[in-house]
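Visitor: I am new here and would like a tour. Please show me the sequence and the structure.

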Amino acid sequence: MRDVLYLEEREQAEVLLKPQRIEVLRQLAEPRTCTEVAALLEQTPQRVYYHVKQLAAAGLVEQVSTRKVRGISEGIYQAAARSYWLSPRLVGRIGGLRRARDELSLGYLLDLMEEVQADVAALDRTAPELPSIGVSGEIRVPAERRQEFLHDLQSTLRDLFTRYGGAEGDAFKLAVACYPKGDNHE
């Protein structure tokens with residue numbers, strides 16, 4: 001079972017985004033038969049089997065083994081991943097064409113987050129060591145100084161890219177995002 005399955009196909013999202021299928025998928029976090037899932041959800045085995053087959057056809061569930069029960073072969077299924085991420089591209093932007101990529105705009109931030117989400121989802125999480133670096137913090141930038149802050153940030157990043165841009169060592173992608181913290185003023 002993978003940690004994350006990144007869904008970029010509309011057909012996969014359509015199969016997944018049905019409340020009953022999500023419940024079936026939750027029950028398949030551990031290997032189970034349709035009969036076992038049906039008992040947990042108080043559904044008929046036939047109804048659960050239909051949903052499991054739809055999920056399996058979309059690559060969201062896998063048959064991991066079979067067993068014989070009273071001479072009948074019964075499949076044992078498990079979710080393909082612990083979590084599923086939907087690509088923002090599946091919905092797309094509503095309200096027309098994308099605006100110019102202004103680094104101080106929400107549209108630019110959304111594009112950046114979409115790119116980061118796709119990159120993270122594509123990582124091989126089965127690798128024994130997956131080096132990564134995370135930094136988070138809070139800053140306060142007055143509206144009239146946002147452009148100045150962006151210039152300082154770009155300058156600092158250019159310096160880092162110059163110092164660490166060589167051919168040796170692990171390659172990392174760096175994305176920096178500043179977004180409103182919300183109404184929680186501590």
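Guide: Happy to! Contact means heavy atoms within 4.5 Å, while helices (H or I, at least four residues) and strands (E, at least two) are DSSP runs, numbered from the N terminus. This is a predicted model, in which local features need pLDDT of at least 70, side-chain atom pairs count only at pLDDT 80 or more, and totals for chains, interfaces and linings use all residues. Residues are numbered from 1 along each chain as its sequence is written, and side-chain values use heavy atoms, with hydrogens and water left out.

Visitor: What is the mean pLDDT of the chain?
Guide: pLDDT is the predictor's confidence in each residue, from 0 to 100. In this chain, 88% of the residues reach 70 or more. The mean is 83.

Visitor: Over which residues does pLDDT stay under 50?
Guide: For that stretch, the model has seven contacts beyond four places in sequence. The residues in question are 93-100.

Visitor: In what order do the strands of the open sheet lie?
Guide: The open sheet has three strands with antiparallel pairing, where two strands pair if DSSP finds at least two bridges between them. Strands S2 (32-33) and S3 (61-69) each have a single partner strand, so they stand at the edges, with one side of each left without a neighbour in the sheet. The order is S2-S4-S3.

Visitor: Which residue in S4 is the bridge partner of Thr33?
Guide: S2 runs antiparallel to S4 (residues 72-79), and two bridges pair them. The partner of Thr33 in S4 is Ile76.

Visitor: Which residue in S4 is the bridge partner of Arg67?
Guide: S3 and S4 also run antiparallel, joined by eight bridges. In S4, Arg67 has as its partner Glu74.

Visitor: Which residue takes a positive phi in the hairpin of S3 and S4?
Guide: Two residues lie between the strands of this hairpin. The positive phi, near 50 degrees, belongs to Arg70.

Visitor: At what angle do H3 and H4 pack?
Guide: Axes here are lines fitted to C-alpha atoms, for helices over the stretch in contact, and angles run from 0 to 180 degrees between N-to-C directions. The axes of H3 (residues 34-41) and H4 (residues 45-57) are 8 Å apart. Their angle is about 115 degrees.

Visitor: How many nonpolar residues are in the contact of H3 with H4?
Guide: On the H3 side are Cys34, Thr35, Val37 and Ala38, which meet Pro45, Val48, Tyr49 and Val52 in H4. Ala, Val, Leu, Ile, Met, Phe, Trp, Tyr, Cys and Pro count as nonpolar, Asp, Glu, Lys and Arg as charged, and the others, Gly among them, as polar. One residue of this contact is polar and none is charged, while the nonpolar residues number seven.

Visitor: How many charged residues are in the contact of H2 with H4?
Guide: The axes of H2 (residues 19-27) and H4 come within 10 Å and cross at roughly 85 degrees. Gln20, Arg21, Val24 and Leu25 in H2 meet H4 residues including Arg47, Tyr50 and His51. Five residues of this contact are nonpolar, three are polar, and the charged ones number two.

Visitor: Which residues of H3 does H2 meet?
Guide: H2 and H3 pack with their axes 10 Å apart, at about 115 degrees. From H2, the contact takes in Glu23, Val24 and Gln27. From H3, the residues are Val37, Leu40 and Leu41.
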